[in-house]
Amino acid sequence: MNKKTAAKIASGVLFIHGFIEILAIMGIFVPGEFAPTWFQERPIFWATLSAIYGIFRLIAGYAIWSMKKWGIIFGMALSLTSMIAAPSIYPFGVMDLLLAVIVLVSLLY
């Protein structure tokens, strides 16, 4: 795998992850019995935080697609933050951890 392929993989995964996080705003409308307890306590805060992370992931994905050096650093920082925070947002953190590892490995390649 060459550098461009690794960057395209990382960029694609960041785009997918960003869209998923932006769609998490829809979680505000989930009935209470289906939402996790941590989300029930402050749904507006968590939805806003998810939207901000989603927008940042889309920006990083575009910068990596354009082969910008700052985009690679930004994508790595987002992936590391997701890996650190993933255990605290279980069960959704499992998906975050998987996507963050794919991005980080691709960018470090």
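Let's begin with how the chain folds back on itself: of the contacts in the protein chain with a separation of 6 or more, 66% are between residues 24 or more positions apart. Keep in mind as we go that this is a predicted model. The protein chain holds 5 helices and 0 strands, and reading from the N terminus its elements run α-α-α-α-α. Of its 109 residues, 35% are buried. The accessible surface of the protein chain is about 6800 Å², and carbon and sulfur atoms account for 77% of that area.

A good place to step inside is the pairing of helix 3 and helix 4. Helix 3 covers residues 43–65 and helix 4 covers residues 69–85; their axes come within 8 Å and cross at roughly 145°. The crossing of helix 3 past helix 4 is left-handed. If you would like to trace the interface in the viewer, helix 3 contributes Tyr53, Phe56, Arg57, Ile59, Ala60, Ala63 and Ile64, while the helix 4 side is made by Trp70, Gly71, Ile72, Phe74, Gly75, Leu78, Thr81 and Ser82.

Between these two helices runs a loop, and methionine 67 lies in it. Have a look at its backbone: methionine 67 is not a glycine, yet its phi is positive, at about 60°. Methionine 67 counts as partly exposed because its relative accessible area is 41%, between the 20% limit for buried and the 50% limit for exposed.

Now go back to Arg57, one of the helix 3 residues that meet helix 4. Arginine 57 also forms a salt bridge with glutamate 21, in which the closest N and O atoms are 3.4 Å apart. This pair ties together distant parts of the chain, since glutamate 21 sits in helix 1 (residues 3–23) and arginine 57 in helix 3, 36 residues apart. A search of the whole structure finds 1 salt bridge. Are its two partners buried or exposed? Arginine 57 has a relative accessible area of 2% and is therefore buried; glutamate 21, at 10%, is buried as well.

Glutamate 21 has another link to helix 3, through serine 50. Serine 50 is found in helix 3, and, leaving out residues up to four places away in sequence, serine 50 touches Glu21, Ile22 and Ala24. With a relative accessibility of 12%, serine 50 counts as buried.

Helix 1 can be followed to another part of the chain too. Methionine 95 lies in helix 5, and, setting aside neighbours within four places in sequence, methionine 95 is in contact with His17 and Ile20. The C-alpha atoms of methionine 95 and histidine 17 are separated by 9.1 Å, although the two residues are 78 residues apart along the chain. Methionine 95 is partly exposed, with a relative accessible area of 33%.

Let's finish on the outside. Which residues make the nonpolar surface patch of about 500 Å²? They are Met1, Ile9, Leu98, Ile102 and Tyr109. Isoleucine 102 is found in helix 5, which spans residues 93–108. Its relative accessible area is 31%, so isoleucine 102 is partly exposed. That value also clears the patch requirement of over 30% relative accessible area.

Conventions:
Residues numbered from 1 in each chain as written. Predicted model: local features only at pLDDT ≥ 70, side-chain atom pairs only at ≥ 80, totals over all residues. Heavy atoms only, no water. Patch = residues over 30% accessible without salt bridge, like charges linked within 9 Å, V, L, I, M, F, W, Y side chains within 5 Å. Areas by Shrake-Rupley, 256 points an atom, 1.4 Å probe, with all protein chains shown as cover. Salt bridge = Lys/Arg side-chain N within 4 Å of Asp/Glu carboxyl O. Helix = DSSP H or I, 4+ residues; strand = E, 2+ residues; numbered from the N terminus. Buried < 20%, exposed > 50% of the residue type's maximum accessible area, 1.4 Å probe, protein only. Axes fitted to C-alpha atoms, helices over the stretch in contact; angles between N-to-C directions. Left-handed = near helix turned anticlockwise from the far one by under 90°. Contact = heavy atoms within 4.5 Å.
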